Amino acid sequence: MKTILITGASSGIGRATAELFLEQGWCVGLVARRGEMLEDMAGGLETASPLPADVTDLAQMEAAVAAMVATWGRLDAVFNNAGIFTPQGTIDEIDPEDWHRSLAVNLTGMFNTARVAFAQMRAQEPQGGRIINNGSLSAHNPREGSICYTTTKHGVTGLTKTLALDGRPFGIAAGQIDIGNARTELVDKLNARMEAEGKPLMPMMDVADAARSVLHMANMPASANVLFQTVMATNMPYVGRG
Ligand SMILES: NC(=O)c1ccc[n+]([C@@H]2O[C@H](COP(=O)([O-])OP(=O)(O)OC[C@H]3O[C@@H](n4cnc5c(N)ncnc54)[C@H](OP(=O)(O)O)[C@@H]3O)[C@@H](O)[C@H]2O)c1
């Protein structure tokens with residue numbers, strides 16, 4: 001059986017992905033801060049391991065990977081998914097604390113998770129594995145008033161490309177999924193704000209379709225890698241020019 005660690009598994013895309021991988025027979029390590037939600041999800045399944053941890057804390061992430069390896073022997077894949085979207089505004093309007101929180105979760109958290117996964121994948125026999133980072137359409141183009149989110153997600157693109165390059169000698173593949181408007185709490189909050197401002201609601205896609213796209217990436221053979229995959233609500237105004 002293959003093993004995957006999923007961060008941000010307590011809700012949204014992470015949760016839908018964890019549920020799909022469990023259904024498909026993978027052993028899944030579930031990371032998020034809300035441990036009770038992870039316990040609830042695991043429901044006593046032998047193939048699910050709740051690993052409550054904060055991705056911003058490297059020692060907690062080391063312990064989470066060590067616990068997975070102690071249970072299942074190796075780490076085949078990671079879905080580096082945990083992320084936050086802080087209140088919108090222009091650079092002079094946002095709270096600098098939101099900048100620091102975004103950097104801590106969206107970049108340092110992804111760095112920590114990739115670091116512990118890379119070390120494990122490099123050391124294990126047979127060597128290798130796959131790291132899938134959750135970017136965003138904002139990893140390439142901004143949404144208005146999203147300087148914290150967009151800057152960190154552009155950073156994720158750099159993380160993915162460098163991991164893909166540095167992972168080659170060790171059989172470690174790295175790729176990125178860039179999702180646009182999968183219905184989760186994060187996007188619902190954005191839509192509520194647009195509604196309050198009298199703006200049209202954004203087109204949405206089902207979170208289960210994002211999960212299926214992650215599964216596709218994870219199921220690639222070691223010799224193939226989806227470096228970037230964009231999956232978005234069909235009618236989003238992302239492509240095109242005014
Ligand atoms: N929904 C979309 O359309 C969309 C589009 C592009 C990109 N994304 C990306 O998808 C990822 C998941 O977003 P979502 O839409 O599923 O939002 P969500 O439902 O709010 O999920 C965010 C997840 O991240 C976890 N998390 C946050 N801070 C954490 C921390 N410090 N340590 C550990 N876990 C933490 C949360 O768990 P706890 O609170 O329990 O810790 C939660 O499980 C994010 O990286 C987001 O940028 C989403």
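# Exercises on a predicted model

Gln124 sits in the loop between H4 and S5. The model is predicted. The exercises start in this loop and then move to the ligand, the empty spaces and some single residues.

## Exercise 1. The loop of Gln124

**Task.** Decide whether Gln124 is buried or exposed. Then find which backbone oxygen atoms its side chain reaches.

**Solution.**
- Step 1. Take the relative accessibility of Gln124, which is 5%.
- Step 2. Compare it with the cut-off: buried means under 20%. Gln124 therefore counts as buried, because its relative accessibility is 5%.
- Step 3. Follow the side chain of Gln124 to the backbone oxygen of Leu75, at 2.8 Å.
- Step 4. Follow the side chain of Gln124 to the backbone oxygen of Gly128, also at 2.8 Å.

## Exercise 2. A cis peptide bond

**Task.** Which residues does a cis peptide bond join, and what is omega there? Place Pro126 in the chain.

**Solution.**
- Step 1. Look at the bond between Glu125 and Pro126. It is a cis peptide bond.
- Step 2. Read off omega, about -5°.
- Step 3. Place Pro126 in the loop between helix H4 (96–123) and strand S5 (129–134). Gln124 of Exercise 1 is also found in the loop between H4 and S5.

## Exercise 3. The surroundings of the ligand

**Task.** How many residues surround the ligand, and which are the closest? Find polar side-chain atoms that lie by its oxygen atoms.

**Solution.**
- Step 1. Count the shell. It has 28 residues.
- Step 2. Name the closest: Arg33, Arg34, Tyr149, Ala182 and Thr184.
- Step 3. Start with Arg33. A polar atom of its side chain is 2.7 Å from a ligand oxygen.
- Step 4. Turn to Lys153. An N or O atom in its side chain is 3.0 Å from an oxygen atom of the ligand.
- Step 5. Finish with Thr184. Here a polar side-chain atom and an oxygen atom of the ligand are 2.6 Å apart.
- Step 6. Check how far the ligand is covered. Alone it exposes 880 Å², and the protein buries 94% of that.
- Step 7. Ask which elements give two or more residues to the shell. They are helix H1 (12–23), helix H5 (147–167) and helix H6 (185–196).
- Step 8. Sort the shell by class: 13 nonpolar, 11 polar and 4 charged residues.

## Exercise 4. The cavity

**Task.** How many cavities of 30 Å³ or more are there? Describe the lining of the largest cavity.

**Solution.**
- Step 1. Recall the idea. Rolling a probe the size of a water molecule over the atoms shows where empty space is left.
- Step 2. Count the cavities of 30 Å³ or more. The result is 1.
- Step 3. Give the space in the largest cavity, about 40 Å³.
- Step 4. List the lining. It is made by Phe85, Thr86, Pro87, Gly145, Ser146, Ile147, Cys148 and Tyr149. Tyr149 is also one of the closest residues to the ligand.
- Step 5. Sort the lining: 5 nonpolar, 3 polar and no charged residues.

## Exercise 5. The second largest pocket

**Task.** How much space lies in the second largest pocket? Which residues lie nearest its centre?

**Solution.**
- Step 1. Give the space, about 420 Å³.
- Step 2. Count the lining, 26 residues. Nearest the centre of the second largest pocket lie Gly129, Arg130, Gly171, Ala173 and Ala222.
- Step 3. Find the elements that give two or more residues to this lining. They are S5, H5 and S6.
- Step 4. Sort by class: 13 nonpolar, 7 polar and 6 charged residues.

## Exercise 6. Buried or exposed?

**Task.** Sort Leu190, Asn181, Glu144 and Gly240 into buried and exposed.

**Solution.**
- Step 1. Set the cut-offs: buried is under 20% relative accessible area, exposed is over 50%.
- Step 2. Leu190 lies in helix H6. Its relative accessible area is 6%, so Leu190 is buried. Leu190 and Gln88 are 102 residues apart in sequence, yet 9.2 Å apart from C-alpha to C-alpha.
- Step 3. Asn181 lies in the loop between strand S6 (172–180) and H6. Its relative accessible area is 5%, so Asn181 is buried. Asn181 is not a glycine, but it has a positive phi of about 60°.
- Step 4. Glu144 lies in the loop between S5 and H5. Its relative accessibility is 68%, so Glu144 counts as exposed.
- Step 5. Gly240 lies in the segment after strand S7 (228–232). Its relative accessible area is 68%, so Gly240 is exposed. The C-alpha atoms of Gly240 and Gly175 are 25 Å apart, with their positions 65 residues apart along the chain.

Methods:
Residues are numbered from 1 along each chain as its sequence is written. This is a predicted model: local features need pLDDT of at least 70, side-chain atom pairs count only at pLDDT 80 or more; totals for chains, interfaces and linings use all residues. Side-chain values use heavy atoms; hydrogens and water are left out. A residue is near a molecule or strand if one of its heavy atoms lies within 4 Å of it. A polar contact is a pair of N or O atoms within 3.5 Å; within protein, one must be able to donate a hydrogen and the other to accept it, and residues adjacent in sequence count only if both atoms are side-chain atoms. Accessible areas come from the Shrake-Rupley method with a 1.4 Å probe; for residues, only the protein chains shown count as cover. Helices (H or I, at least four residues) and strands (E, at least two) are DSSP runs, numbered from the N terminus. Ala, Val, Leu, Ile, Met, Phe, Trp, Tyr, Cys and Pro count as nonpolar, Asp, Glu, Lys and Arg as charged, and the others, Gly among them, as polar. On a 1 Å grid over the protein atoms alone, a cavity is a set of points where a 1.4 Å probe fits but cannot get out, and a pocket is an open set with protein on both sides within 12 Å along at least five of seven lines; lining residues have an atom within 4 Å of a point. Grid points are joined across faces, edges and corners, and a volume is the space filled by probe spheres set on the points. Buried means under 20% relative accessible area, exposed over 50%, partly exposed in between (1.4 Å probe, protein chains only).
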